[in-house]
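Look at the sequence and the model below before reading on. The paragraphs after it go through the fold step by step.

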Amino acid sequence: MAYELPKLPYAYDALEPHIDARTMEIHYTKHHQAYVDNLNKAIKGTDLEKKTVEDLIGDLNSVPENIRTVVRNNGGGHANHSFFWNIMGPNAGGEPKGKLADDIKSAFGSFDQFKEKLSTAGVGRFGSGWAWLIRNSGGLEIISTPNQDSPLMDGNTPILGVDVWEHAYYLKYQNRRADYLKAWWDVVNWDAVAKNY
């Protein structure tokens, strides 16, 4: 079973003005497609093709060492981006509701403090990577991962994640990662995030 680029759940321009259409198109059709293509090439003809991408990257030790780095980078890129597209949407933003909102407040003090901590994790990620809200055995936690590493690789459950690779924002924001992160909150689909929780 070859991995495929998932259908984007909205048009390229649906997240304007926060994320521009050209960035969305390149990010989705070029970057994400390359992760899928490279992953398929690396595992072609092996039993690894039968695994979901989440199971694949969640058990990297089962991947032969000669392709493990390729699978880590490209499988992670595929899983992370498939997740990312679905936690954003048009006419989104605002704040979470229900149990997720209560647990964020309990873990971080307030929604605003949570936003600040996640944004700080994203701005502070040296080079390329991601900032995440995860659930682990201790509850909710904010982490940052390098490159295309996923919380799944450490047995954690991603609830929300933001891509802070330059390709996610450079056309519109250039080197202003903090401005991109500030705008990104306006496209977070909290209903989708709550389902992850």
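What follows goes from the nonpolar cores to a helix pair and then to some backbone details.

The model is predicted, not determined by experiment. A good place to begin is the interior. In soluble globular proteins, nonpolar side chains tend to be buried together. Here the largest nonpolar core has 44 residues. Within this core, the residues that touch the most other members are Met88, Phe114, Leu118, Leu133, Trp184 and Trp190. Strand S1, which spans residues 129–136, supplies the largest share of the core, namely five residues. Another core lies apart from this one; it has 15 residues, including Ala42, Ile43, Val63 and Ala79.

Two members of the largest core are worth following in turn. Take Leu118, which sits in helix H5 (residues 111–124). Is Leu118 buried or exposed? Its relative accessibility is 1%, and because buried means under 20%, Leu118 counts as buried. Leaving out residues up to four places away in sequence, Leu118 touches Ala131, Trp132, Leu133, Ile142, Leu160, Val162, Trp184 and Trp185. Leu118 can also be compared with Ile143, which is 25 residues away along the chain. The C-alpha atoms of these two residues are separated by 7.9 Å.

The other member is Leu133. With residues up to four places away in sequence again left out, Leu133 is in contact with Ile104, Phe108, Phe114 and Leu118, and also with Leu140, Glu141 and Ile142. Its list of contacts continues with Thr157, Pro158, Ile159 and Leu160.

Next comes a pair of helices. Two packed helices are described by the angle between their axes and the distance between the axes. Helix H1 covers residues 21–43 and helix H3 covers residues 65–86. Their axes come within 8 Å and cross at roughly 140°. An angle over 145 degrees would count as roughly antiparallel, so the crossing angle makes H1 oblique to H3. The crossing is left-handed.

Which residues of H1 and H3 meet? On the H1 side they include Met24, His27, Tyr28, Tyr35, Leu39, Ala42 and Ile43. On the H3 side they include Ile67, Val70, Val71, Gly75, His78, Phe84 and Trp85. The residues of this contact divide into 13 nonpolar and ten polar, with no charged residue among them. Ala42 and Ile43, named here in the contact, are also among the members of the 15-residue core.

The backbone has some details of its own. In the segment before H1 lies Pro17. A cis peptide bond joins Glu16 to Pro17, with omega at about 0°.

Asn91 is not a glycine, yet it has a positive phi of about 50°. Asn91 belongs to the loop between H3 and helix H4 (98–108). Its relative accessibility is 83%, so Asn91 counts as exposed.

Gln174 also has a positive phi, near 50°, and is a residue other than glycine. Its place is the loop between helix H6 (170–173) and helix H7 (177–184). Gln174 has a relative accessible area of 31%, so it is partly exposed.

Arg176 lies in the loop between H6 and H7 as well. With a relative accessible area of 37%, Arg176 is partly exposed. Between the C-alpha atoms of Arg176 and Val123 the separation is 9.3 Å, although these residues are 53 residues apart along the chain.

Terms used:
Residues are numbered from 1 along each chain as its sequence is written. This is a predicted model: local features need pLDDT of at least 70, side-chain atom pairs count only at pLDDT 80 or more; totals for chains, interfaces and linings use all residues. Side-chain values use heavy atoms; hydrogens and water are left out. A nonpolar core is a set of buried Ala, Val, Leu, Ile, Met, Phe, Trp, Tyr and Cys residues joined through side-chain atoms within 4.5 Å. Buried means under 20% relative accessible area, exposed over 50%, partly exposed in between (1.4 Å probe, protein chains only). Helices (H or I, at least four residues) and strands (E, at least two) are DSSP runs, numbered from the N terminus. Contact means heavy atoms within 4.5 Å. Axes are lines fitted to C-alpha atoms, for helices over the stretch in contact, and angles run from 0 to 180 degrees between N-to-C directions. Angles under 35 degrees count as roughly parallel, over 145 as roughly antiparallel, 65 to 115 as roughly perpendicular and the rest as oblique. A crossing is left-handed if the near helix is turned anticlockwise from the far one by less than a right angle, and right-handed if clockwise. Ala, Val, Leu, Ile, Met, Phe, Trp, Tyr, Cys and Pro count as nonpolar, Asp, Glu, Lys and Arg as charged, and the others, Gly among them, as polar.
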